[in-house]
Structure formats: C-alpha cells, structure tokens
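Subject: The structure we talked about

Hi,

Here is the structure I promised to pass on. Have a look at it first, then read my notes underneath with the viewer open.

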Amino acid sequence: MFGVNQLKGKIVTGSQIRESFLKFFEARGHQILPSSSLIPGNDPSLLWTAAGMVPFKPYFTGAAKPPTRRVTTCQKCLRTPDIDSVGRTARHHTFFEMLGNFSFGDYFKKEAIPWAWEYVTRHLGLPADRLWITIYLDDDEAFEIWHRDVGIRPDRIVRMDKDTNFWEIGVGPCGPCSEIYVDLGEARGCGKEGCGVGCDCDRFLEIWNLVFIQFFRDEQGVYTPLENKGIDTGMGLERVASVVQEVPTNFDSDIFREIMDFTADQAGVVYGRDRGADLALKVIADHCRAVTFAVSDGALPSNEGRGYVIRRLLRRAVRFGRTLGIERPFLYQVAGAVIRQMADAYPDLAENRNRVMNVIRTEEERFGETLAQGTEMLNRMIAGAKEQGIFEISGRDAFRLYDTYGFPLELTVEMAGEQGLSVNEDGFAKAMEEQRQRARSARQETEYISERDVLYRSVRDRLGETRFVGYTDLEAGSKVLFLVKEGAEADRAAAGEEVEIVLDVTPCYAEAGGQVTDHARITASTGLEVDVYEVFKPVEGVHVHRGKVRSGVIAKGDQVVVRVDRERRRAVARNHSATHLLHKALKEILGDHVNQAGSLVEPDRLRFDFTHYTAVSREELRRIEELVNREVLSNLKVEVAEMPLEEARALGAAALFGEKYGDVVRVVKMGDFSLELCGGTHVGSTAEVGMFKLLGESSVGAGLRRVEAVTGESALKYINAREDQLLEIARIARAMPHEVVQRVEGLVREVRELESEAEGLRAKLARYEVQSLLEKARDLKGARFLSARVSSPDMDSLRAMTDLIRDRLGSAVVVLGSVAGEKVNLVAAVTPDLVRRGLHAGKLVKEIAAAVGGGGGGKPEMAQAGGKDPARLQEALDMAYKVAMGQFRE
C-alpha cells in the first residue's frame, strides 16, 4: 500500500491537503475564492449547498458573469439523503468539504486532465499503478488526452454509461465526466470474480470527478454543443485524506479523530474498543460538524425546511450520546472542538463561536424536555397495553414515538422489555418505509435552470439588459423589448390580458432582500394603461414587469412611460431605513450576538427576525424603541455608496447570513449609527421615517426572535387606534382616561371577590347535593353503588364530586354524569378493594359512554369519558349497575 510513509513529510494532514490543492491551482492562474455559505444565496430551489459548483450555478447557466474565468475553492457542503448510513460505512457524511477547480469558458479537457493527474501523483504522492480512470462511453477526446498526453494504459481507462459518467439535471448545461479511482487493495474488496472499478465494494474508491460542461440540453432533450465550454471538478477532502493517511475509513483520518476523541473523553470510552460506541462517536462527530457549520452560516433549528434538517441532525447526535451514557447537554462542547479544529480554515466559526454554542445548547435542553415527554407517552402505552392484556407495542406506536419525540427504536425496545413487553419491529420498519415513500413521492426534482429562466436569459443575450434607474428616478421613458403571455412569447397584449413586460429602462424596484416589489403604471400616448403589480428578476440584468392591461394595446417596440407608485415607494423606503436603525438598536441593547436572520419590508409594516436566545423583556423593547426614535429625530443623513466588498467589510458594514455579494457592493450609511450592505431603497434622512413603533415580539424558533413595527402614517394610525380603545375602555369603566388602570384593577378585585363568594356557595350546594345523593346509594354485592346525574359546570368539578362521594361511601362504585352545553361528561370511580375483585372504572365508563355517542377510559380506580348526546345520559347511567355487576370475579 501507500500512505504517510511515502509522502516524505510533504502533505499529511487534512489542512495541508486543503492548502496544497488551492495553491496548486492558484499557481495555474486560478483565483482562490472563500467557501460560500451552506445556505445557497439567491437560489430558492436549493435547501443546502450540496456541491462545489452550487455557488457558480449562475455562471454556468449564463445568468451572471463570473468575476474571473478560473476559480478554485474548498466548499462547505451538506447532504442528508444517506443520513442512516453515516458511521456505518467508511465514506458517508452529512457535512463534507469539496475541493474543486472551475473554468467558465476558459480552459477545457486538455488542461484539466493533466493537472488532475499531476496533483494526485506528484503532490499527493499516490502511486500511478494504483490509479484507474473512468470516462463516458463515447468521450474519445478524454480518452486520447488520458492515453496519449498523460500516458495512461488503455486497459486502465474504463468507459462507463450515462448513469455514472454523464452529468445533467434537467434543462441546462451538462456534459460527460471522467473520474479518478484509487485501488485500495484486494483486502478491501469483495473477492468476487470480475470485481473492478464500479463495483459496490470498498476496494475501488473514487476520489476526483472531472465534469466537462460542453452541451446545453433543451426542453425536448436535444443536446447542443456550447460555444463556451466549462470545467467543474470535485474532490472530497475527507476521502482523499483517508487515502493519503492510509486509514480504513474517513473517520479514522485526522479530520475526525480530534472531535471523536474529545467526545470519547466526555463519555469515558475509548475509540476502537466497542463497535456500538464507535458508531456513536462517528455519528456525533459527523452530525456536530454539520450543525456547527450550518448554525454559523445562519440556519437555526425549527420544524420546517433547513431548520428541520438541523434539528434532526442535532437530536440524532444527542440520542447517540445517550447510548454512550451522556445524559447532560454535551453537543455544544463538541461544537467547541469542531470550531477549534476548523477555525483556521473558516475564521467565521471563531467569530460566531458563542452564538453557535448557545443555539446548540438551547436546542439540546429543549430536546431533553421532549425526551421526557416521549418517555411519559411510552409509559402510558405500556400501561395501556398491560390493561388490555397485550404484551407488544405496535410498530406504528413505536414509530410515532420516533417521529414525534425523536425516541430511538432501541430505547423503546429496552424500556418495553423492562416491563415484559416486546416491540413489533417489522411494523416499525413498515411505518418508516411508508414515510420514506411519502417523502419520495412528494419530492420534486428541481431543474438546473427553469424554462422561464432559459427564456429570459435568451432575451437578455439577444436584446440586452434592463437599465435600472429607480434609486434616483421614479419615472422613466422606456422601450418595450419583449412580451410574454401565458408563459409564451407574444407580440402584443390587449385590454383585460395579463402580461409580462421587459423594458430597456425601468424605475421599478424588483422584489429582493426582503423588500417588496414596486407597483407602477405603464402608459403611452396611444391610450395604453398597464397596472404593474409585480416586478422580478428571473436572471441577472433583466427586470420583468407583471401586470394587467387596463386599456389600449401594448406591443413590442412601443415607446412607453413608467411611473412608480410614489406613496407606496415612500412608505416602503421608510420601513426599510427603519429596519437598519432597528438592527443596530438591537445590537446596542441586546448585544453583538444579534444578527439579522430575515426581514419583510412592506408599505404598511416591517418584520425583522434576529438571533437571540431569550424573550426580549418589556423594558428592553422600550429601550430599543426609544433608541430608534432618537436616531430618527437626529435627522441623520442617509448616504449610499458603491465600493469593493473587502473595503466595505473593513469599514465594518454589516452583511447578512447566506446572502451572496459580488466584488462591488452597495453600502447604506446612516450618520455614524448604522452601516450595512444593502440593495434596497431608502429615505434621504432618518427624519423621513417619522414615528417608529414596535408592535410586539415573539419566538419563531430556537434562538430566533421576531419583532414587528410600523412607521410614519401607519404608526400614527396604530397609536390613534390604541387611544380610541383607551377612551372606549374609560367610557365603559366610567373613569377618566388617566384613571383607567386604577379603575380596572378595582373592578378585577371585585370580580375575584364575587367569584370566590360564588365558589363558596357552589361548594355548599355541592355538599347538600352530595348528602342527598348518598341516600340514593344501593347495595352491590356487599358494597355500595351510586349512579346519578348532577349539576357540574366542567369535568374537574365532576371528578371532585365523585371523589367526595366515593370517600363518604367507603367500599363503593360511583358513576356521575353531567351536561355542559351540548357535551356529556361522565366520571367513574372504584375503591381499591373492589378493583381487586375485578371491577375496572376505565372499562365501565368506556362501555356506558357508547350510549351517549362517545368514548373514554382510564385507570381501574378512576376514569372519565365524554359524549355528544345529552338526551341519552340517563340511559347511560342506568346501564352502569349492570356493567359493574358483570365485572365481579366470583
């Protein structure tokens, strides 16, 4: 074999491999770009950045222009389809790093192939006689380069079919692939005859995939050669590290061992001594890496989307921690180990350390409470099964525990076994597979580029870009370049028709960055009027105006005038500028850990989501509101400038998590108070915001809070409405407005005193009623029996009366019923001595509840039920004596 001993001290660690790869391609004219966020910027079709090329998708599709034609990166990636395989195989991960080199219309196969071979053999030191090459079936060009230029023997070049060696995702750029495989030796193989490259065993490991983007696939499946061809390569850092370091799995490389050893110390175990413990250590290391990076990039645990993925990974890691005996919150400490190891390559981890660890710890603590709820539910399932004489937990119940509370099947089996019950594991597997099938059927394959995007990209390429003048002008003369009706190109649109319009110039702001779209009107001297209700940018440089023709006809080539709705724009601008002031005020009052996590800027309100770990107190909200209004009254000048991204960051401009910025950015400055990167529209000075009023604060996920506010006229309307409410309350309470609080407090005290007095009277009446009922009890095989209809406002009162009567009767069965509205309430109680003789309150009340169209049950000594047919209550109560008699064991 080969490994560290053959590298002569050159490249050994994962960090060294990462650095050497980037430097190798930098020396060949590539610009090293930092990893993009795990949250794809400006691409709602993707949940996560799952490949090195994802940040460059607009460059390959032509939707945007690259900053340079040669790029190299080490990209953070996250994928979860194989989550159940993590730790059980040598190679599966949720989080991984993808090394890549990219060409956007510059070099092609003749350069990419020899460079790849040079790096793996000369820089990584992998022996040529252990390497194999795959190419697409008919890619003779790649074969000739590998064979003639690089010198690979033909028998070492394997032609593979379209399933493995042709890259495409729906409509868009695509092309053949060539992969480099390492032969890890016969000992790692399956031993089957014909085992070779492409076998499912572990012997032949793919370490580098070279994608040659040379075709464009259209909607009909026709492949057209691209004029500007591209290169997209990907090499998994964890895989190549395991090969270079000559270890059996990725988890045994230095990339994972430090994290795993830290967890092992926390658990008091040693890696390599127990397969079960090893699996747990691997899963925890992998999942914690994913969670740490995702939270650092702005994702937060929740019950949907990315948040659900994070929550699932975190809770799965916690569950595996419990198999190691770790009951306390610990994952946040493992995250600290991840940050220590990776911060040199990803400095933002160190910057976000406190926030990341706080979010993870908070979620761990919440999950601890959830596990407690799951334990309580399982205990109820076990008790219920025993009562019914069943000694098995159904597969569906076990799956419900797993799906709702994150309760692992192994824990359900263990706890049920302690009580003498088994678990239907086949039923659990069936329920799990049904859920997977539902997920698969619900999942829609996202096209690499939509048909609409293809259409508008061709418009831009043929007719040019839309010039946006809306930062300075709210009215502009323009020419109609292109029209779309019902999804297809059109020459004209008449009154009553919906239409999409591309203009050469527009003052209209397209929805972006949380700010809603402008509304506008397009007119012409011909009598044309189009009401524009949405403006969007399907591809970079093209503004599409969606609207309805009110009068006249609009046609390609028409000269028109576009007028933005000024009042709406002003209201939006007030709210957008207010969000900047609010963001800064939140940091000032709550701390620097606060970061924007989302926003919505509309004409009548603003919404702002931010990272914070506890509810914001009333006093803190008051201080935040006062600070924003102070800066509004300061009449700060709002200045906008464009500058290089690095210069803006050096000035301290705030950027948003997950947002993708170009080399030149727009910076909005409000005096010396606020400085943010922003492409939205703003007021000229903070005084134009007018009044700022917070409406409320709430939680929208673990470590994520939301505030809503109004400004200007909306704030005035809000305060006037509150004042009207105060005046109305004062009128009803017969008090002056300034005396309302004192008056209402007095009324509340009076109500409480009256309620207490009424409760006392009800108690007296109940005692009289109980005494009357006791006299109606009859004999039940030497015990006492009472069933009666009583006046009781709710189930709690009915249970209390039942308890009282049972205690007064001694050995007894008591069944009481009452009507509350259209609902029937039933309660049954049995004394312990009668339970031992076979009587069961739960079964009794369940049987009689059927008579009133309901159901229920409970424990042998006390149970309750409900029904929906009050007219049959007496019939149900009359049944009770016979049911009780039938329960006696002779």
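Below is what turned up, going from the cores to the sheets and then to the cysteines.

One thing to keep in mind throughout: this is a predicted model.

Let's start inside. The largest nonpolar core has 121 residues. If you want a way into it, click on W146, W208 and L331, the residues with the most contacts inside that core. Helix α8, residues 275-296, gives the core its largest share, 13 residues. There is also a second, separate core of 30 residues, and F608, V638, M670 and V683 are among its members.

W208 is a nice one to zoom in on. Leaving out neighbours within four places in sequence, its contacts include F21, F25, Y119, V120, I180 and M235. Polar residues turn up on the list too, including N101, S178, E179 and T233.

While you are looking at helices, try α9, which covers residues 305-323. This helix has 19 residues and reaches 28 Å from its first C-alpha to its last, close to the 27 Å expected at 1.5 Å a residue. After α9 comes G325, which has a positive phi, near 90°.

Now for the sheets. A quick reminder: strands of a sheet pair through backbone hydrogen bonds, either parallel or antiparallel.

The three-stranded sheet is open, with the order β25-β26-β27 and antiparallel pairing. Why is one side of β25 and of β27 left without a neighbour in the sheet? Both strands, β25 (638-644) and β27 (674-677), stand at the edges and each has a single partner strand, so one side stays free of a neighbour. From one strand to the next, the twist in this sheet averages 25°.

Zoom in on β26 (residues 664-670) and β27, which pair in the antiparallel sense over four bridges. V668 has E676 in β27 as its bridge partner, and M670 stands opposite S674. The two strands form a hairpin with three residues between them. In that turn, G671 has a positive phi of about 55°.

Further along the chain, six strands form another open sheet, in the order β30-β31-β32-β33-β35-β34. Here the pairing is mixed. The edges are β30 (778-780) and β34 (855-858), each of which pairs on one side only. The twist averages 20° from one strand to the next. Within this sheet, β33 (residues 823-830) and β35 (residues 862-867) run antiparallel and are joined by six bridges; A828 stands opposite A863 in β35. Helix α25, residues 873-887, lies across β30, β31, β32 and β33, at about 165° to β31.

Last, the cysteines. How many disulfides are there? The count comes to zero. C195 is in no disulfide, and its nearest cysteine sulfur, in C201, is 3.5 Å away. The cut-off for a disulfide is 2.5 Å between the sulfurs. For C508, the closest cysteine sulfur is in C678, 18 Å away, which is too far for a bond. C508 is also buried, with a relative accessible area of 0%.

That's the tour. Shout if you get lost in the viewer!

Cheers

Methods:
Residues are numbered from 1 along each chain as its sequence is written. This is a predicted model: local features need pLDDT of at least 70, side-chain atom pairs count only at pLDDT 80 or more; totals for chains, interfaces and linings use all residues. Side-chain values use heavy atoms; hydrogens and water are left out. A nonpolar core is a set of buried Ala, Val, Leu, Ile, Met, Phe, Trp, Tyr and Cys residues joined through side-chain atoms within 4.5 Å. Buried means under 20% relative accessible area, exposed over 50%, partly exposed in between (1.4 Å probe, protein chains only). Contact means heavy atoms within 4.5 Å. The expected span of a helix is 1.5 Å times one less than its number of residues. Two strands pair if DSSP finds at least two bridges between them. Axes are lines fitted to C-alpha atoms, for helices over the stretch in contact, and angles run from 0 to 180 degrees between N-to-C directions.
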